[in-house]
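Hi everyone, thanks for making the time. I'd like to walk you through a structure that is new to most of us, so get comfortable and have a look at the screen.

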Amino acid sequence: MSITKMVAAALLRRGIVVAAALMMSALAPVGAQTIRIGMILTYSGPDAALGEQIDRAVNLFVKLHDSDLPPGVKVELIKRDDTGINPDLAKRLAQELVLRDQVQILTGGQWTPNAMAIAALTKEAKVPFVTMTAGGSAVTLQSPYVVRSGWTLWQTSYPLGEWAAKQGWKNAYTVVSDFAPGHDGEAAFTKSFTEGGGTIVGSVRIPLKTSDYLPYFQKVKDVNPDVVYVFNPGGPQATAFMKAFDDIGITKSKIKLIGPQDIVYDDELPNMGQSALGVVTLGEYSPAATRQANIDFVAAWTKAYGAESVPTFFAEAGWNGMHAIYDAIKAQNGKIDPDATMKFLHAWSDPNSPGGPIRIDQAGDIVQNLYLRRVEEKNGRLANIEFATIEQVGDPWKVFNKK
Amino acid sequence: MTTLITILFFGVAYGMILYLISVGLSVTMGLMGFVNLAHGVFAMLGGYATVTLMNRIGIAFLPALAIGCVLVAVLGFVLERTLYRHLYGRSELDQVLFSFGLILVSVALVRIAWGPVAQPIRLPDYLKGQVTIFDLALPAYRLALVGFGTAVIAGLWFAFDRTLFGARIRAAVDNRAMAQSIGINTSRLFAAAFGLGTGLAALGGGLGADVLAIAPGYPLQYIIYFLIVVAVGGLGNIKGPFVAALAIGLSDTACRYFLPEAGSIFIFAFVFAVLIWRPNGIMERR
Amino acid sequence: METAALETRALNCSFEANHVITDVNFTLRPGERRALIGPNGAGKTTFVNLLTGRLRVSSGHVLLNGEDVTQLSEARRIRLGIGRTFQITSLFPKMTVRENVFLAVAECDGIAGNLFRSVFSHGRQLARVDELVHRVGLSDVADVPAQLLPYGRQRLLEIAVALALRPTILLLDEPAAGIPTAESHVILDIIATLPKEIAVLLIDHDMDLVFRFAQQISVLVRGSILVEGSPDDIAADSQVREVYLGDSKHGRPAAA
Amino acid sequence: MTTMPVSRNVSVTIRFGVIRSGLIRLLKLLPWLVIASLPLVLAGYEPLATQIFVMILFALSLDLLVGYAGIVTLGHAGLFGMGGYTAGILSVHGITDPLVTALCAMAVAAFTGLVFGVAMLRTKGLTLLMLTMASAALLYEIANKATGLTGGEDGLQGVAFSPLLGVFAFDFRGKTAFFYSLTVLFLVFSFVQVLINSPFGWSLRGIRENDARMAAIGCPIMRRRVIAYVIAAALAGLAGALQAQTTQFVALHSLGFELSGNILIMLILGGSGRLYGAFIGCPVFMLAQDQLAKQDPANWFLGLGVILIAFVMLAPGGILGIAARTVDAIKMRRRA
């Protein structure tokens with residue numbers, strides 16, 4: 001074996017040199033003209049519909065704004081499928097995108113676990129990473145090269161807790177999916193609700209791959225709180241939750257259902273049916289909003305994808321993310337330097353996004369308006385109707401943990 | 001008290017689905033000694049058939065269920081004649097691989113045909129919300145599950161114990177050679193039994209569509225539950241799996257209510273213990 | 001007199017109602033060459049299985065070199081020196097002749113648990129394998145998978161495997177079955193090469209073979225010893241004649 | 001399966017064996033050196049190559065069970081994951097030396113294998129199959145629920161290992177990972193080779209072919225099978241540790257049924273009970289997956305499924321099996 005070890009060592013030393021050389025030669029010509037962007041989303045598996053929303057938004061943005069790029073600069077999107085919550089695969093895909101395809105910017109980052117894994121890599125690879133819909137607060141702490149264009153669960157849950165307390169509700173029960181964003185949401189809501197004088201009378205974390213929710217919710221019904229804080233990753237699961245709440249009779253009882261925007265995912269509202277009526281959620285975007293910027297956005301969307309399709313907050317996050325990336329490219333005139341890019345992104349803002357004024361702060365988190373919405377029937381369709389605005393909220397978690 | 005009853009009830013409902021899907025597997029495994037990991041495929045197809053017939057063509061729930069059941073039974077029969085029969089008596093490994101291949105193919109085809117997203121089943125209104133039976137509010141859908149399941153099971157048991165077909169199956173399970181020597185055409189019997197088994201699976205898949213969501217991942221996601229029911233219930237009989245399915249349904253449900261922290265750990269530990277204690281299933285006479 | 005290599009006392013074995021072996025007192029002296037004959041279904045193979053511990057006795061005792069082994073498992077008795085061949089060949093079909101024999105040699109020498117040394121570095125065992133393969137005359141097919149051998153030669157391999165366990169007592173259950181009578185002498189030649197102290201019990205139908213082999217013959221009829229004695233006595237014995245030939249004429253159903 | 005030349009002369013036999021195995025060993029070093037020099041031409045593919053090495057190692061351990069001991073398992077990932085999480089959790093808690101953590105991983109996996117093996121290996125057929133499946137499912141659920149320790153669905157965050165031998169750091173370009181896993185694979189392969197040619201290895205095959213007869217020559221079957229299972233477990237654990245170290249990450253996925261199934265498929269594609277099956281099956285499977293499954297796995301599943309069915313129905317024995325049969329056929333023609 002000693003022989004092979006020596007051989008290996010020798011090869012290792014030479015190998016690095018050669019590979020480095022290759023890397024240089026490969027990078028040099030690419031950077032000037034074509035900017036390669038690696039996008040890791042969920043294109044298959046039960047949650048592919050969520051990925052599709054982001055994908056469509058990105059494609060739409062590229063279609064409408066490619067012309068804004070500096071002359072001679074082209075953008076090439078390289079898409080990869082992480083098949084769902086699958087951090088190890090996501091990390092490997094990111095690694096391959098950087099090493100094989102030499103992408104200069106990474107984006108996508110649909111799931112918190114996946115985004116965490118990718119972020120850890122970017123720290124070393126020095127590749128800017130715009131995570132779009134990962135709601136875990138910790139993602140941006142993984143590396144200085146990460147910014148988010150979506151939201152954090154603390155953002156969409158902490159103010160909700162305050163609001164709930166103000167409604168005079170005393171007892172709350174928290175029901176969340178058992179992964180990082182769920183834990184964040186649970187913590188955020190619990191903090192603000194108890195600070196507001198309420199008490200948490202019970203909490204349960206439901207595994208992501210669960211078939212039968214009734215037993216969990218029966219417990220909630222038995223405890224009979226004033227309000228239930230719910231979080232799930234949206235998509236089909238949101239419907240499954242709502243159906244179960246209906247089966248168990250909570251939706252018709254006097255127990256209030258509230259949560260972040262995910263639990264009344266706009267695409268799923270038709271499947272949820274009447275059971276979703278009256279559910280109050282907090283989120284940064286609803287396609288039903290009457291802001292001019294949003295009306296234009298929805299119009300462009302339905303023009304591209306048909307009247308049946310509505311852009312959800314996933315789409316909005318994708319749109320904003322791509323917007324930030326394009327601005328960064330423009331600002332550097334197509335010559336992407338990681339650190340310069342991050343410097344730019346950390347100061348990036350859009351006063352007029354579909355969801356209202358937004359900006360990215362030094363921590364890489366997004367500061368934006370949050371809207372309280374209620375599910376109502378609007379010309380024959382269920383929609384999340386905004387009824388109150390909380391101006392310019394950053395990530396509360398970062399605030400509380402600043403030391 | 002009401003809580004306890006409700007939980008019991010949920011458990012039974014869950015067990016019913018598991019039983020309907022798995023019982024066919026038990027019979028076919030016992031008959032042909034074929035390790036068929038792909039049994040869940042037929043349940044999934046039953047679900048897809050039902051959902052599609054309802055949502056796209058607008059047929060009512062029960063007829064859709066029946067049609068789907070028949071369609072899948074026929075498909076099962078055909079597959080048995082064309083593929084499965086060639087692998088009886090082959091090594092376990094071959095059978096495992098073959099059925100695994102079948103799973104992958106079905107997953108792919110279903111995804112191409114229906115897309116990756118779970119197919120929501122739009123239940124008729126009489127199956128939505130709650131029904132109150134002497135001040136005990138129960139979900140209508142589960143109630144229907146239990147009622148319907150009981151009916152099917154009663155019919156199945158009658159058929160198994162009282163009809164010639166059932167007698168033949170039992171004979172073939174006990175002693176294949178003997179059965180053949182007394183003039184039972186086992187080959188045709190196998191096909192029939194296989195068709196019946198897949199039909200039942202389809203029925204379970206369709207009925208349970210609101211609990212076990214109908215998506216391409218179905219056969220892989222739930223396979224272990226079906227196999228567990230069969231292994232614990234014992235091969236080639238139809239009462240053992242019933243006990244097993246109820247036991248698993250009840251304990252799993254109880255776990256979720258009383259100690260959600262434990263998840264399904266208990267179930268698998270329980271199954272492991274049972275199989276060590278009774279390698280041939282709980283019904284095995286000692 | 002010296003202790004018997006193998007002895008049974010009032011041995012009984014019955015399945016449900018019917019007695020397969022009844023009160024058999026049987027003795028095999030060290031180095032003795034004895035044959036056990038009897039009509040079909042007399043219980044010969046059952047008797048062997050009782051000796052090796054493959055079957056449990058209903059009552060009575062089996063003594064190996066004077067000590068009672070009635071309660072010991074088959075494996076233990078094998079280590080104590082009982083070797084046997086099977087009436088229906090039982091080998092490792094996909095493995096070569098040499099590999100078949102090696103497995104037995106390895107178990108016998110207690111090296112079969114050895115993980116880290118290649119088979120090919122166990123010179124002593126390999127030598128024994130070659131020696132045994134040679135003794136049963138299979139050297140020319142030493143590296144042919146057992147399943148490809150003609151039946152007759154598989155029988156010989158059976159014997160080689162049995163011998164590999166260094167038995168002090170060798171039980172041959174119809175070793176010549178399936179071997180053309182003309183060639184059955186091969187078995188005798190092999191036995192002839194065995195060390196004198198090994199006691200051999202041969203069960204066979206081939207009278208010619210039996211009479212050429214045996215110093216002593218025991219006749220088993222319907223589960224009990226009818227007579228014992230030298231080949232000449234047996235040949236002369238009218239009872240045996242009657243039972244044996246009678247049996248072969250109009251087959252009388254015997255307990256089984 | 002190597003067999004000695006026909007000879008009644010021991011000394012000759014042995015010398016012959018030695019010379020022959022010596023030659024073979026020299027010849028066998030060649031392909032390894034070729035692989036080791038791949039990065040010079042294929043920069044950027046180290047991570048994929050590393051993944052393949054790890055899977056080959058994993059498949060080798062499975063081959064010991066399926067191909068030699070005749071134990072079919074659908075829960076082998078359980079042991080792989082045990083190794084991965086052991087290494088990962090240790091590194092999170094400050095024990096970051098690759099070799100130390102790898103050894104610990106092997107130990108833990110081996111112990112797990114011992115516990116489960118002693119319980120399961122008394123059974124056979126479907127029951128054994130189900131037990132292996134249930135054992136893995138049990139470990140998966142535990143890992144899924146012990147979020148404090150394993151991170152649950154989020155995967156184990158903050159896994160980082162110190163440089164190998166204190167010199168070579170595991171950078172994201174994966175050079176170190178490449179040579180590290182290749183070396184380990186080589187060592188394990190050499191060990192397995194010795195193992196299957198040892199008396200123990202042969203007795204395993206004997207048990208697989210005819211356990212009744214093995215009993216009749218006084219072989220303690222249960223003990224042999226358990227030992228085999230423990231060894232396989234240790235190697236699977238090592239593979240898991242390697243996975244954790246080379247990707248600096250551990251996720252539930254590494255305990256999952258999907259992996260148990262895939263590794264079995266890879267082995268069978270290559271051909272089990274042949275030692276080289278793993279070296280054929282894993283690269284074919286993973287390269288195909290790398291190319292086909294990027295955008296849409298549906299077609300990939302379809303292809304894989306069809307191939308599997310075709311193999312079982314038409315060509316048992318995997319790729320190597322087909323090769324072997326063709327070779328035999330040619331030989332036959334020569335003879336005739």
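I'll go through chain A, then its contact with chain B, and finish with a sheet in chain C.

One thing up front: this is a predicted model, so please keep that in mind while I talk.

Okay, chain A. In terms of secondary structure, we've got 13 helices and 14 strands here. How compact is chain A for its length? Its radius of gyration is 22 Å, close to the 22 Å that the globule rule gives for 403 residues, so chain A is as compact as a globular protein of that length. If you lay the C-alpha trace along its principal axes, chain A spans about 70 × 55 × 40 Å. Of the 403 residues in chain A, 58% are buried. And if you take the contacts in chain A between residues at least 6 apart in sequence, 70% of them join residues at least 24 apart.

Now, the domains. The assignment splits chain A into domain 1, which is 30-151 + 295-302 + 316-364, and domain 2, which is 154-283 + 369-400. Taken over C-alpha atoms, the centres of these two domains of chain A are 28 Å apart. Each side brings something to the contact: 17 residues from domain 1 of chain A and 17 residues from domain 2 of chain A. Which elements give two or more residues on the domain 1 side? Those are helix 2 (48-65), helix 4 (112-125) and strand 12 (356-360) of chain A. Sorted by class, that side of domain 1 has 9 nonpolar, 6 polar and 2 charged residues.

Let's move to where chains A and B meet. That contact uses 26 residues from chain B and 24 residues from chain A. On the chain B side, at least two residues each come from helix 1 (2-32), strand 2 (136-139) and helix 10 (240-258). Helix 1 of chain B gives the most, with 5 residues. The chain B side divides into 16 nonpolar, 8 polar and 2 charged residues.

Last stop, chain C. Here you'll find an open sheet of 4 strands, in the order 2-1-4-5, with antiparallel pairing. The edges are strand 2 (18-28) and strand 5 (67-68) of chain C, each pairing on one side only. Strand 1 (residues 6-15) and strand 4 (residues 59-64) of chain C run antiparallel, joined by 5 bridges. For instance, Asn12(C) has Ser59(C) in strand 4 as its bridge partner. And what packs on this sheet? Helix 1 (residues 44-52) of chain C does, touching strand 1, strand 2 and strand 4. The direction of helix 1 makes about 65 degrees with that of strand 2 of chain C.

That's my tour, thanks for listening!

Conventions. Residues are numbered from 1 along each chain as its sequence is written. Chains are lettered from A and ligands numbered from 1 in the order in which they are written. This is a predicted model: local features need pLDDT of at least 70, side-chain atom pairs count only at pLDDT 80 or more; totals for chains, interfaces and linings use all residues. Two strands pair if DSSP finds at least two bridges between them. Two residues are in contact if their C-beta atoms, placed from the backbone, lie within 7 Å. Axes are lines fitted to C-alpha atoms, for helices over the stretch in contact, and angles run from 0 to 180 degrees between N-to-C directions. The radius of gyration is taken over C-alpha atoms; the globule rule is 2.2 Å times the number of residues to the power 0.38. A residue is buried if 20 or more other C-beta atoms lie within 10 Å of its own, exposed if 12 or fewer, and partly exposed in between; C-beta atoms are placed from the backbone. Domain bounds come from an automatic or database domain assignment. Ala, Val, Leu, Ile, Met, Phe, Trp, Tyr, Cys and Pro count as nonpolar, Asp, Glu, Lys and Arg as charged, and the others, Gly among them, as polar.
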